[in-house]
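Visitor: I am new to protein structures and would like a close look at one part of this one. Could you take me through the aromatic rings and what surrounds them?

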Amino acid sequence: MSTTTPVIPTQTKVAIFGTASLAFCGILVETSMNVTFPTLMHQFHTTLATVQWVTTAYLLAVAATMVITAFIQQRFRWRTIINVGGAGFVLGGLLCTVAPQLWLLLFGRIIQAIGTGLALPLVFAQIMTQVPFTAQGRFTGTAGMLIALAPSLGPTYGGLVTQLLSWRLIFGITLPFGLIAWLITAKTIRQTQAPRSRPFPLCQFGLVVAALILLIFSVNNLSTHGLSLVFVWLPLLLAVLAVLTFTRSATRTTHPPINLAVFQQGNFTRALLIYFFIQFIQIGLTFLLPNFAQLALGKNALVSGLMLLAGSLCSAILSPLAGKLMDRRGIRRPFQIGSGFLLLATLSLAGLAQHLSVGLIIGLFVGLFVGFQIGFSCLFNNALTYGLQQLPPQLMGDGNALFNTLQQYSGSLGTAIMAVLITLGTRMAPSASSTMQTTLGTQIALWFSLIIIMIVAALALTTKPIANMADDQHQSRSSNH
């Protein structure tokens, strides 16, 4: 590994920071709403299964937008993309701030999600094309610090604003910060290649979006319809058919929305799975635990949000350090450290599930969540950097689109599945109190989380660095610059 510090233009650093800040604002409001569900249920006179669409629909819209980011970044000027993304964030936030009914709140969330979906992939597109190979881990870790901090900090921010002010100001407070980040980025962003005309793959895009929606629809219906043929199995089957049809079509066309050739790189696929599963649990826990604190333990939104604050700050500090560790020591060391912390923290949390109480959650659980965040910081952004480094330059946009799409979709799926597992407690103990039902559902969700983390650890601990490929990538990118 080279010890020479590369020189990176200030304009590039500012553009990356501005784009990451706009993405941070979008993702912050993404999970801030998780702690407001009991409040929204009361205000709009609806159920948890309905209100959770405030988060699920947002994540789904972000994921659907990111499916075509490779096309968008090649077809349009990056300044145009960031202008549309910034405008979407501001307009959607204004609608959410004043929404008198749930449907308008959902509509505003979707508009804001499209803005976030356009901005977030630009962060890593700039890093992977404008930052030297030997500094990519550090820059990805620093930018990822903001982005990874947002979903964990969201419940704390949302609980504080909801308890002291109003849930509507969750959007109002972030608007000026998002606006400033948008304007800074629009002034400083640049791109190394000129846009080129290419046809929009409308049919294939429709198949991917249909698959994403149908899968979430199927999972959400588990809580209200059980294993219904019409509401669960049929949409699941249609989702599988849509994926298969897309795969068949994408391999036969010149310009698919995502080039499936990226999956020919086994290490890329491994890194993508690690990234997906970690985010799945991360977002799932930020939904599960604050709602458990409110619905089962009777705590307010502020307390339930503050439970996650220490872990959020820990993640913010460690993300850039974990990136530096990868730059200096390779991928194996941070993956080993991260896997150990994730396994220990999740196993301890699941083992204590039946003994959860206010004292344990605020005390011992905070420590366990900090441990989880240490593991998260070592694996999450490094998996993205490592995965993209396995790809040739012509596939970088497709790999970036996949990482960002699955990051958001895993959060949407994680929220939906955690909601289903919570309601499973009601089905298993129909005569028990609502507190006991919620507690039982939370226990099931935590043991399920442990199984997923075991899969993550198995993937991470068997990852092998490929030094020759890294050198080839370095030389290829250097010649492009």
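Guide: Here is a short tour of the aromatic rings, followed by a stop at one leucine. Please keep in mind that this is a predicted model.

Across the whole structure, a search turns up ten aromatic pairs. One of them is formed by Phe44 and Trp167, whose ring centres are 6.2 Å apart. The angle between their planes is 65°, and this counts as edge-to-face because the planes are over 60 degrees apart. Now find the two partners along the chain. Phe44 belongs to helix H2, residues 37–44, while Trp167 sits in the loop between helix H8 (136–164) and helix H9 (169–188), so this pair ties together parts that are 123 residues apart in sequence. Are these two rings buried or exposed? Phe44 has 15% relative accessibility, so it counts as buried. Trp167 is buried too, at 4% relative accessibility.

Next, look for a group of rings. Phe263, Phe268, Tyr275, Phe376, Phe380 and Phe403 are linked into a cluster by ring pairs. A ring can also have a charged neighbour: Arg75 lies over the face of Phe76, 5.2 Å from the ring centre.

Finally, let us visit the leucine. Leu406 is part of helix H17, which covers residues 396–428. With a relative accessible area of 22%, Leu406 is partly exposed. Leaving aside residues up to four places away in sequence, Leu406 touches Leu272 and Phe276. Leu406 and Val62 are 344 residues apart along the chain, yet 9.8 Å separates their C-alpha atoms.

Note on methods:
Residues numbered from 1 in each chain as written. Predicted model: local features only at pLDDT ≥ 70, side-chain atom pairs only at ≥ 80, totals over all residues. Heavy atoms only, no water. Phe/Tyr/Trp six-rings, centres within 6.5 Å; stacked < 30°, edge-to-face > 60°. Helix = DSSP H or I, 4+ residues; strand = E, 2+ residues; numbered from the N terminus. Buried < 20%, exposed > 50% of the residue type's maximum accessible area, 1.4 Å probe, protein only. Lys NZ or Arg CZ within 6 Å of the ring centre and 35° of its normal. Contact = heavy atoms within 4.5 Å.
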